[in-house]
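Here are my notes from a pass through the model, written as numbered points. Have the viewer open while you read.

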Amino acid sequence: MFRACRLVAPLVLIAMLALPSCTAVQQLAALRTVTFAFAGVSDVRLVGIRIGANSSSASLGLADAARISAAIIAKEMPLELVAFVSATNPRENKDTARMVDMRWKFFIEDHQVLAGQLGSPIEIAPGRTADVPLAVRVDLLQLGAGGAHDFFDLALAIAGQGTIKKDLRLELVPTIETSIGPIRYPEPIVVRRLAGGQ
């Protein structure tokens, strides 16, 4: 009996030590099965001019054109928007994925215009989708030159309006919380959206 007890004790110790590692692997696998997509943009404003569903190049009034022209002279053309990333945890996944961080880079036509991080942790239960909002502020002058209508058409395309097509891309590096600490994705997740061209 004494020999059996001496054999069981190390096995129990090994099992106890293995538990956190197994849990961590399960938690990491939970985030691995989460799918990400570029869900779109909203609240688009060019130098404070709101660009909505009914906006068009023809709707640009004299006052707004003058405002954009003044921004060109001032060499600052701020475009503000909220980009949404949808993260879906499959129903088949039995674990809740808790994302404690997500580093991201925002590209317009392969030109990186901004980088940032997730503001607060997000939990995604099995079978649920979470929309992750990313606040973006871009100086459109870094994408090229032109007149007031050129920049307005570019902003329209990024907002998903107008006839010009623009490739938008987000590179995401999520971090999942596990029992042995946070684990970051080794490779970026790339999600794209072709905007405009209507």
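1. Start with Ser-55, which sits in the loop between strand E2 (49-51) and H2. With a relative accessible area of 16%, Ser-55 is buried. A polar atom of its side chain lies 2.9 Å from the backbone nitrogen of Gly-52. Leaving out residues up to four places away in sequence, Ser-55 touches Arg-50, Leu-156 and Gln-161.

2. A word on confidence, as this is a predicted model. The chain has an average pLDDT of 78, and 80% of the residues score at least 70. Among the elements of the chain, helix H2 (residues 62-74) has the highest mean pLDDT, 91, and helix H1 (residues 2-32) the lowest, 45. I'd be careful with the start of the chain: pLDDT stays under 50 over residues 1-20, and for that stretch the model has two contacts beyond four places in sequence. Where pLDDT is low, the predicted coordinates should not be read in detail.

3. Now the charges. Side chains of opposite charge can pair when their charged atoms come close. The count here comes to eight salt bridges. One of them joins the side chains of Glu-123 and Arg-98, at 3.1 Å from N to O. Glu-123 belongs to strand E6 (residues 122-124) and Arg-98 to strand E4 (residues 97-108), so this pair ties together parts that are 25 residues apart in sequence. How accessible are the two partners, Glu-123 and Arg-98? Glu-123 counts as exposed, at 55% relative accessibility, while Arg-98 is partly exposed, at 26%.

4. Asp-110 deserves a look of its own. Its side chain meets that of Arg-169 in a salt bridge, 2.6 Å from N to O. That pair links distant parts of the chain, 59 residues apart: Asp-110 is in the loop between E4 and strand E5 (111-117), and Arg-169 is in strand E8 (residues 165-178). Is each partner buried or exposed, Asp-110 and Arg-169? Asp-110 is exposed, with a relative accessible area of 55%, whereas Arg-169 counts as buried, at 10%.

5. Asp-110 also forms a salt bridge with Arg-192, this one at 3.9 Å from N to O. Since Arg-192 lies in strand E10 (residues 189-196) and Asp-110 in the loop between E4 and E5, the pair ties together parts that are 82 residues apart in sequence. Arg-192 is partly exposed, with a relative accessible area of 46%. Through shared partners, salt bridges join Asp-110, Asp-167, Arg-169, Glu-171 and Arg-192 into one network.

6. Back to Arg-169 for its ring partner. The charged end of Arg-169 sits over the ring of Phe-107, 3.9 Å from the ring's centre. As for rings paired with rings, a search of the whole structure finds zero aromatic pairs.

7. Finally, some backbone angles you may want to check. Asp-43 has a phi near 50°, a positive value in a residue other than glycine. Asp-43 lies in strand E1 (residues 35-46) and counts as partly exposed, at 43% relative accessibility. Glu-109, too, has a phi near 50°, again positive in a residue other than glycine. Where does Glu-109 sit? Glu-109 is found in the loop between E4 and E5, and at 40% relative accessibility it counts as partly exposed.

Note on methods:
Residues are numbered from 1 along each chain as its sequence is written. Side-chain values use heavy atoms; hydrogens and water are left out. pLDDT is the predictor's confidence in each residue, from 0 to 100. Helices (H or I, at least four residues) and strands (E, at least two) are DSSP runs, numbered from the N terminus. Contact means heavy atoms within 4.5 Å. Rings of Phe, Tyr and Trp (its six-membered ring) pair if their centres lie within 6.5 Å; planes under 30 degrees apart count as stacked, over 60 as edge-to-face and the rest as tilted. A charge sits over a ring if NZ of Lys or CZ of Arg is within 6 Å of the ring centre and within 35 degrees of the ring normal. A salt bridge is a side-chain nitrogen of Lys or Arg within 4 Å of a carboxyl oxygen of Asp or Glu. Buried means under 20% relative accessible area, exposed over 50%, partly exposed in between (1.4 Å probe, protein chains only). A polar contact is a pair of N or O atoms within 3.5 Å; within protein, one must be able to donate a hydrogen and the other to accept it, and residues adjacent in sequence count only if both atoms are side-chain atoms.
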